Each structure stands twice: as structure tokens, then as C-alpha cells.
Amino acid sequence: MRIRPVRMARWSARHPWKAIVGWFLFVLLCLGAGITAGNNPATTEDFWVGEAGQAESMATDAGLQRRPTEHILIRSASGPLDSAEATAAAHDVTARMSALAEVQEVAPPVRSKDGTALRVTVVMKGAELDGKKNVVPLLDATGKAADAHPGLIVEETGSPAISKGVNDQRGKDLALSERLTLPVTLVILLIVFGSAVMAGVPLLLALSSIAATMGLAMLASHLMPDPGVGTNMILLIGLAVGVDYTLFYLKREREERARAKGRLGPEALVELAAATAGRAVVVSGLAVIVSTATLYLATDVIFSSLATGTILVVAVAVISSLTVLPALLVKLGHRAERRAAKKAARRAERGTPAVTKSAKPENGRVFGALLRPARKHPAITLCVSVLVMLAVAAPALGLKLIDPGKDTFSRDIPAMQVYDRLTAEFPELLVKHEVVTRSAPGRAPEVRQALTELGRRAQTDPLFARNAAPVLRTSGDGRISVLELGVPHPAPSDEAIASLDHLRDQYIPSTVGKLAGADTAVSGDVARGQDYVHHERNKLPLVIGFLLLLTFVATAVAFRSAVVGLIGVVLNLLSAAAALGALVLVFQGTWAESLLDFDSLGAIASRVPLFLFVILFGLSMDYQVFVVSRIKEAMEHGMSAREAVLDGIERSAKVVTSAALVMVTVFAAFVFLHLTEMKQMGFCLAVAVLLDAVIIRMMILPSALLLLGERAWRPLRPSRRRARSTEPAAPALPHVI
């Protein structure tokens, strides 16, 4: 682990142009290969989970699966709806839609209960998820029909149109987040390095790493389908860790430069930095990759995509830090030498003596003030800090989970505005339960009779739509029957969930459930969401259990200390719990809606907690590895445990805080997005990183290590390097000043 980063840095330092050109050729190759192979999107089958997935599988086998469906709403622009004019518009819409290759069938017009609106339902060809790609011609046709009937409002909505609107909005949001993140990140780096060139290096490497990962992710999608969220994760994590790893390396190179006082050339300085920061970057990257890989245990296409994107971008960021970064530093070092030589020559010509700058303290008063409580009163600081974190975490005890559906999407999307007007006129379209029964072909009449009785009972229940007759369909071979039941309540509502419970617990067991040899399952918007949340809850203990185990093992092995490994696990749990508590406090209630521009779901998106734990555990290892590495180095150089803790944290405080600010900026930018789930993810990660960098690393960690003293560093096995200093000797490179 210590040797390979040095070897890679040495090669890059001696062949800088080969390393630089090779890196950018690698980026272009990855992009080109990805574009050539194309992206393999996830299909509807990839999202099947639980009983709902079983129902959809049975329906798909018989060709009775849900189709992409659009609704054209026709209403008066002002005053009462003119029946003749509305009927003419409906016929016009029907003709235009029937002529489109993307349309399978157009249903007869349906008038609303109060007669103020007319609805034309259009069923599209292809799979359900293909609708958003093929809906544009339908939207164009609706627009032309609207122009042909200026006295009416003719507008379109449906899952395909809404999905397209969400994708368009997400694209604009990501562009906005980049416009917010990049300038702020650049300003932070300018403050840290005081040089525009040096500040640009981390951004350049992060963005090139992201570009390479985009291509690799396209290739990976042919092994694991892409549900469309991988790009978001690559941008989110890529910018954060890409800048962080480069920042750690640059910081160490600057320290070695200051220590050498001009006696070593750029190549030697880069190799010295690689011997310490390079190892820390590798350990951090491996820790993030290992922890993120636990997401695959969730057996969910979305989490698998998030894991793949994160693993790829972290791996590429580590490679860039160990290959092209040393080469860039060598070229910049030679540039700085030439400029210094020219300045010295000009001073010599003028007879001006050289000015020696006094060394600035490595960390300012702010960092000293943050560390002072732990230094002077470690026990009190530890207790108070832990109590504060537990207090912030307390709201997490009231956590409620929800699977966000289309009812939770932003109303800035035009199709969502039409959806609200459509469901106000036709509330039975809000939710549909689909009861799917499979039996022997000869029992089809018996199954149909039982399902008809089920539909009759449901219509007597106020939770179900009474003004919309149940729709019963049977496959041609009689094996599969599907009963559709309307519910006049939004999918996330308590009423809609209760209707599903009534259906599964009461109506099915007393009707079709009595038929021997018949398999029955329920799908639909509510069933999908409820089964997905249940699936994730069942997987959560498994994923977190492996996450804790792997994090402990990785840390303990890296630092040869079981105590340090245990401390890392406990601190990560504490910061994750505190971030989750803050998330529940802000997003589960309504008091912060206007402040952060969101509509509360009354719950947290079901993917967020698991995502928070896994990603935060990985990212926290950046700080843990960097800080503990500095402490370990100080101890190996002869310092006592107390001196090493204070020295290591003081030396790493500025770079850790700077890295945290970059991460917080990247994650906080997602709070400005429209999608509530992305807001929640960005908020909880930003809060977690901020708490981790300030309270965990500056107060709790030093307090715990100071109280434990030498006991914290008892190794799992004797170190072969205990007897000698790990200070890397100056490499035997040809260029020595």
C-alpha cells in the first residue's frame, strides 16, 4: 500500500507529459467507448418488488401488463362547456392520435360527473417505461388540436408526459446545481491555495474524472441496467471526492515543499507526498468503494445503479490522484522554479536583497478555538458533544418512510398541473389497484365470477371509487385475469393505503382467495410503493450490518488498531443518526416548506436513510483516514499519544475543513432542486458532512483519543516498521536544487 503510490508517482514525475497525455486519452477513450456502446436503460421488469412485482410478472406473461397511457382533458376557456364544441374537439383529438405510430388505441370520450370537462384516454404502444421517450408526438398533436379549438382548453397529461417533464426538470436542475457549485468550490480552493492555477487543478481533475466515469457507466449499464439516477450520483460524488483527494495530495506536497526550503526539486517533493497522502487517498478510496458496495445487498435496481456510479467515480478519482496529479504538480513546480529564478535575477540586477517571508501558522484562530475544548477538557467536551449529536438525532425516532410517486412531483411541471385538474374532474384516476389471478385455463369462468364479486364488494367501500365500474380483463388462454379498481385518493394518502389493506386482507381472502390452485396478487401505484418500502425495511438491517462490519475491518486493518476501528464505526453512526434526525425535523414537518421551497410529504423518501448511511460511511472515511494517518505518523516519529493527537489534528484541520466545505457546497446545491427526494438527499448529506468535519473530527474524535491515550493504538499485530521511522527518505531523483 505504501510502495505502489510512490512507484506510480515516481513514474509520473519522471514522465509528466506521458502521464498527462495518457490521462486525457483515457478520459476520451472511456467517453468514446461509452457513447459507442450506448446506455442500457432499466425496464419495467427491473423494478418489480414483492407482491406487486409478482402481480405484474403474471400480467406481463399474459400480455395484460400496464401500458403507457395519456389523458387529454378538454374544458372551457371561460363559462360553461359547450357540448357540441367539446365533442368536435374530442373527435379531432381522436383522429390526430389514431394517426400516430406511437398510439395503440384511443378510447371513446368520457364526460366528467358535473359535465364541465371531457376526457380522451390514449393507450400507447410499447412498455410502460418507453412512454416518456415516445410521448413527444402526442404532445405535439394535442398542441395542434388546442390551436384548432381556441374557445376550449385542450391539454395533456399522463405518466409518460409527467416522466418526460420530470426528466426535463432534472436536467435543468443539474445545470443549475453546477452553476452554483463550481464557482463556490473555486472560491474555497482559491482561499485555501491563494493561487488560481493551483485552485483549478482539483476542479480539472474532478471534472475529467466525472467525464471518464460517464463513459464507463454507460458500459456498466449493459451488465446492470441504468434506471436514470446514476448520472446524478456521479456528479454528486465525483465532484466531492475528486476535489477532496486532490486537495489532500496538494496540501501534503505544499508541506513537503515548505519543509525542504528549496533543497528538493518538484519530482522529489511529489514522491514524498505520494508516500503519505497517496497512501491515504488509496485507503480512503477503497473504504468508500467497500462501503458503497453494500448497496448491492439491497437487490434494488436503483441502489445498484447508485452503487455502480459511486464506485466507478471514486476509483477513477483515486487513479487520477495517483497518476496525472503528480505529473501536473511536477510541471507546475518547474514553472514556479523558473518564475522564482527570474525574480531572483531581476533582484540581483537591481541589487535588491531577497525577502524572506515569515512562516504563517498552519491553522488559524478558528481551528485553534475549535480544538481548545478537547485539549483542555476532553471528558467534558466528549460528553457535551455526544449529547448535542444525540439531541439532533432524536427526531429520527419518529421517522416515517414513503415511496415518492407522481403525486409528489413538483407542480412547476406543466403535466403535473394538468394532472391536478384531471384528477379533480375524474378522481377515480388518482389510483388504480390491479388484482391479478392466475389459474388453470378451465377455471376462467370461476375466477371471473369471484373477481366480479370482489369488485362489487369494493364498490360498497367508501375508500373505492363508486362512479367508475371495475374493469375485468382475461387473457386469451383463460389463465390470467386482471381486475382494475379505481380509488379516489392520492397514492401516498392514508385512505389509499387503507384501501390496499382492505383489498389484501378482506376482499381477496373472502372471494378469489378461496379458490384452490389460484394465485392472486395485487399491484398498482399504492401496492408498488408499499411493497418497495417494505422491501427496503427488510434489507436495511442486512446492509447496515455488513456496512458496520466492513468499515470496522477496513479501519482496523489500515491502522492496525481495533480501538481506532471501533471508534470510526461509532462516530460514523453518530453523524449519520444526527443527519437523519435533522432531515426528519426539517422535511417531515411543514415549518421549513417556504424556507427550502418544498411541499412536505409528511415522511422521508424511503431510499434516503439507506443511501445516507452507506454514502456517509464511505465519505467519512476520507476525514477519518486523513486525520488518523497524521496522528499515526506523529506517533511513529516519537511523539506521545497526546502530542500526536493534537499535532495530527492541528495539521489536518484546515484541509479537512476545506474539503468538508467543498462537499457541503456540492450537496447543498441539491437542496435547490425541485425533486423532493433529491432535496432530502442533498440536505442530509450536507448536514452530515458539516457535523462530521466540525463536531466529530474537531471535538469528539480528539477528546476520545486523548482520554484513551496509548490504549487506542494497541495493534492487532506487531508492525514491522515499529523499530524505524516511517518518514520517507528523500528519493534519489536527478533534479535536486
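A residue is termed buried when its relative accessible area is under 20%, exposed when that area is over 50%, and partly exposed in between. In the predicted model described here, buried residues account for 53% of the 737 residues of the protein. The accessible surface of the protein amounts to about 31,000 Å², of which 61% is supplied by carbon and sulfur atoms.

With respect to overall architecture, the protein comprises 23 helices and 11 strands. Along the principal axes, its C-alpha atoms occupy a box of roughly 100 × 55 × 45 Å. When contacts between residues at least 6 apart in sequence are considered, 81% of them link residues at least 24 apart. Charged side chains number 78 positive and 65 negative, and a distance of 15 Å separates the centres of the two sets.

A patch of positive charge is found on the surface, where Arg 335, Arg 338, Arg 339, Lys 342, Lys 343, Arg 346 and Arg 350 gather. One member of this patch, Arg 339, is located in helix H12, which spans residues 324–350. The relative accessibility of Arg 339 is 46%, and the residue is therefore classed as partly exposed, since this class lies between the limits of 20% and 50%.

Arg 630 provides a second arginine environment, within helix H21 (residues 607–636). Its relative accessibility is 5%, so Arg 630 is assigned to the buried class. Beyond residues up to four places away in sequence, Arg 630 is in contact with Arg 252, Glu 255, Gly 648, Arg 651 and Ser 652. The contacts of Arg 630 thus include the acidic residue Glu 255 as well as the arginines Arg 252 and Arg 651.

A further buried position is His 535, which belongs to helix H18 (residues 525–559). Because its relative accessibility is 17%, His 535 counts as buried, the limit for that class being 20%. With residues up to four places away in sequence set aside, the contacts of His 535 are Val 49, Ala 298 and Thr 299. The C-alpha atoms of His 535 and Asp 300 lie 9.1 Å apart in space, although 235 residues separate the two in sequence.

Terms used
Residues are numbered from 1 along each chain as its sequence is written. This is a predicted model: local features need pLDDT of at least 70, side-chain atom pairs count only at pLDDT 80 or more; totals for chains, interfaces and linings use all residues. Side-chain values use heavy atoms; hydrogens and water are left out. Patches are made of residues with over 30% relative accessible area and no salt bridge: like charges are joined within 9 Å, nonpolar side chains (Val, Leu, Ile, Met, Phe, Trp, Tyr) within 5 Å. Accessible areas come from the Shrake-Rupley method with a 1.4 Å probe; for residues, only the protein chains shown count as cover. A salt bridge is a side-chain nitrogen of Lys or Arg within 4 Å of a carboxyl oxygen of Asp or Glu. The place of a charge is taken as NZ of Lys, CZ of Arg, CG of Asp or CD of Glu. Helices (H or I, at least four residues) and strands (E, at least two) are DSSP runs, numbered from the N terminus. Buried means under 20% relative accessible area, exposed over 50%, partly exposed in between (1.4 Å probe, protein chains only). Contact means heavy atoms within 4.5 Å.
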